[in-house]
Amino acid sequence: MKHGFLDKYSERDSLIHRLDPRTKFVAVFFFILAVTLTAPAAWPVFAVYFILIATQVFLSRVPILYIFKRSLVIIPFVVLVAVFVPFFTQGQVAVGFRIGPWDVSVTYHGLQVLGTILAKSWLSILALILLTSTTRMTDLLRGLERLRLPRVMVIILSFMYRYIFVMVDEVLRMKRARDSRNFGSGRRLWQIKTIGRMAGTLFIRSYERGERVYAAMLSRGYDGQSRTLNELSFARSDVLFCLVFGVAIISTGILTFLF
Amino acid sequence: MFMDEVIRIENLSYAYPDGRRALTDISLVINRGESVAFIGPNGAGKSTLFLHLNGILPTEDAVRVFTRAIDEKNIREIRRRIGLVFQDPDDQLFSPTVFDDVAFGPLNLGYSEAEVRQSVASALEKVGMSGYEPRLSHHLSLGEKKRIAIATVLSMSPEVIVMDEPTSNLDPGGKWRLIEILQKLPVTRIIATHDLELVAALCQRVVLLDGGRIVADAPADRILGDRSLLESHSLSRPAGFNEASSLPGRMSPFQG
């Protein structure tokens, strides 16, 4: 079966696609760092960062709607973490009401903090989605390796990329086998038990596969060291991109102090 | 003849860590250029035996490869000279791209960049998969995966190729294409299979395993011609399931 949910659109061609994966990774890293370090409620600065990322989305020719839809995935997680912030922050009360014996109040400052968290995480996820939509996973892994990310992490990521599809297929097959035996009609508790057993089975199968893969690696001379060929090279466009992007981030960062 | 011996096994026994016996008293010699099939029912011990041939499972002195016992010093060389192809290509192909996988062995052997590229290209050519280098393994069909799994071993220029069920789950067309590729390889072949057509097409010698023991070791035509021997080890149609028993006007589902 074919799946494209990890690096869809990465096979296309554009200015952004052609950049060296290392350039893109470093750019995303500093972009996220800059966004994270921005002062709370500095809305104009966030707007500039948004324009910066939107320009690149435009240049990359990845469908805007696709990136937007994907970016919404992050919202539930952020809301789950941050939704109580407005209630527990000191400051001028915006709305106050009573629930039974408790006085509940939402402060302006709290709302600002919530908005800031949402803006920062959304901008960060946009950058990450752009990175994975314009870089083939295999190139990204190679880039990370050249950037001296610990070998173990690169290997784990590369196995994840190789085997997530195998596991998804396995889950789909198990699900089909389960549904063909009339899963839907059972009682709720029994259904949950079945799902638990499937997760267990999947874990054991993956574990056993791991052992077989390791045997296959040993059979081809693996001795714990990983060797690869260097297939990446910086181009002039990489240098240009780094310059433009670096200046943009730094000047936006300085902008923060004006507020 | 002594010079041409590639694998000698003497009284090899093996039990799994949980105590189950997998192999009992296996003894045999395989010479250079031979094509040997290991047949036997599911769980006969074929795959376990294969893991002893390149030192994945401990062998002590029972297995001698190229007339030497396997030890720490020669294990890398042995794994280059004896290429092991696993049954499930999803185990064999663990890298994101085809190139990475075929290059894995040569890189571990410390080849230079030019040598790596050269050996990858020629291994892929031998299995008819030239040009597949940048492809992602998970987007390939099973037949393609099986052929590339063989290329991952060929890229180390082995002298012996050990294959576990090379034709399992392939459609007949894919199976015969694979057999054709295997026929052309100038190496000693050791193949575990249930597929008697593959045996007939490729192997001169057959070792029949059952319950972890060698039941028979003889020329292929002798064993393939012995219906009652094959039957009693679950390798052909059981008595009673013969042509006469199929329903009139219908294909027997057990034919073949």
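**Exercise 1. The contact between the chains**

How many residues does the contact take from chain B, and how many from chain A? Work out as well which helices of chain B supply the side that touches chain A, and how the residues of that side divide.

*Solution.* The model treated here and in every exercise below is a predicted one. Start with the count: chain B gives 27 residues to the contact, and chain A gives 25 residues. Next, assign the chain B side to its helices, where α2 (75-81), α3 (89-92), α4 (98-108) and α5 (113-126) of chain B each supply at least two residues of the side that touches chain A. Among the contributions to this side of chain B, the largest share belongs to α4(B), with four residues. Finally, sort the residues on the side of chain B that touches chain A by kind, which yields eleven nonpolar, ten polar and six charged.

**Exercise 2. The overall build of chain B**

Determine how the radius of gyration of chain B stands against that of a compact globule with 256 residues, and describe the extent and content of the chain.

*Solution.* Begin with the inventory, in which chain B has ten helices and ten strands. For 256 residues, a compact globule would have a radius of gyration near 18 Å, and the 19 Å of chain B agrees with this. The C-alpha trace of chain B spans about 65 × 45 × 40 Å along its principal axes. Of the 256 residues in chain B, 45% are buried. As a last step, consider the contacts in chain B between residues at least 6 apart in sequence: 64% of these join residues at least 24 apart.

**Exercise 3. The six-stranded sheet and its helix**

Establish the strand order of the six-stranded open sheet in chain B, find which strands stand at its edges, and then examine the surroundings of β8(B) and α1(B).

*Solution.* The order of this open sheet is β6-β7-β8-β3-β9-β10 (chain B), and its pairing is mixed. The edges are held by β6 (82-85) and β10 (213-219) of chain B; each has a single partner strand, so one side of each is left without a neighbour in the sheet. On average, and with direction ignored, neighbouring strands of the sheet are turned by 15° against each other.

Now follow β8(B) through its pairings. Strand β7 (residues 160-164) and strand β8 (residues 188-192) of chain B run parallel and are paired over five bridges; within this pairing, B:V160 has B:T188 as its bridge partner, and B:M163 stands opposite B:I191. The pairing of β3(B) with β8(B) is also in the parallel sense, over four bridges, and there B:V36 stands opposite B:I190. Five of the five residues of β8(B) are buried, so this strand is largely enclosed by the rest of the structure. From β8(B), B:T188, B:I190 and B:A192 point one way, while B:R189 and B:I191 point the other way.

Turn next to the helix that packs on the sheet, α1 (residues 46-53) of chain B, which touches β3 (35-39), β6, β7, β8 and β9 (205-210) of chain B and whose direction makes about 150° with that of β7(B). Six of the eight residues of α1(B) are buried, so the helix is largely enclosed by the rest of the structure; the buried residues are B:K46, B:L49, B:F50, B:L51, B:H52 and B:L53. After α1(B) comes B:G55, which has a positive phi, near 75°.

**Exercise 4. The four-stranded sheet**

Identify the order and pairing of the four-stranded open sheet in chain B, and locate its edges.

*Solution.* The four strands follow the order β2-β1-β4-β5 (chain B), with antiparallel pairing. At the edges stand β2 (21-31) and β5 (68-69) of chain B, each with a single partner strand, so that one side of each lacks a neighbour in the sheet. Strand β4 (residues 63-65) of chain B is joined to β5(B) by two bridges, and the bridge partner of B:R64 in β5(B) is B:A69.

**Exercise 5. Domains and a hairpin in chain A**

State how chain A is divided into domains, characterise the contact between them, and describe the hairpin of β1(A) and β2(A).

*Solution.* Chain A comprises domain 1 (1-149 + 229-259) and domain 2 (150-227), whose C-alpha centres lie 31 Å apart. Eight residues of domain 1 of chain A are in contact with nine residues of domain 2 of chain A, and the residues on the domain 1 side divide into six nonpolar, one polar and one charged. For the hairpin, strand β1 (residues 93-99) and strand β2 (residues 102-107) of chain A pair in the antiparallel sense over six bridges, with A:R98 opposite A:D103. Two residues lie between these strands, and A:G100 in this hairpin takes a positive phi near 55°.

Key
Residues are numbered from 1 along each chain as its sequence is written. Chains are lettered from A and ligands numbered from 1 in the order in which they are written. This is a predicted model: local features need pLDDT of at least 70, side-chain atom pairs count only at pLDDT 80 or more; totals for chains, interfaces and linings use all residues. Two residues are in contact if their C-beta atoms, placed from the backbone, lie within 7 Å. Ala, Val, Leu, Ile, Met, Phe, Trp, Tyr, Cys and Pro count as nonpolar, Asp, Glu, Lys and Arg as charged, and the others, Gly among them, as polar. Two strands pair if DSSP finds at least two bridges between them. Axes are lines fitted to C-alpha atoms, for helices over the stretch in contact, and angles run from 0 to 180 degrees between N-to-C directions. A residue is buried if 20 or more other C-beta atoms lie within 10 Å of its own, exposed if 12 or fewer, and partly exposed in between; C-beta atoms are placed from the backbone. Domain bounds come from an automatic or database domain assignment. The radius of gyration is taken over C-alpha atoms; the globule rule is 2.2 Å times the number of residues to the power 0.38.
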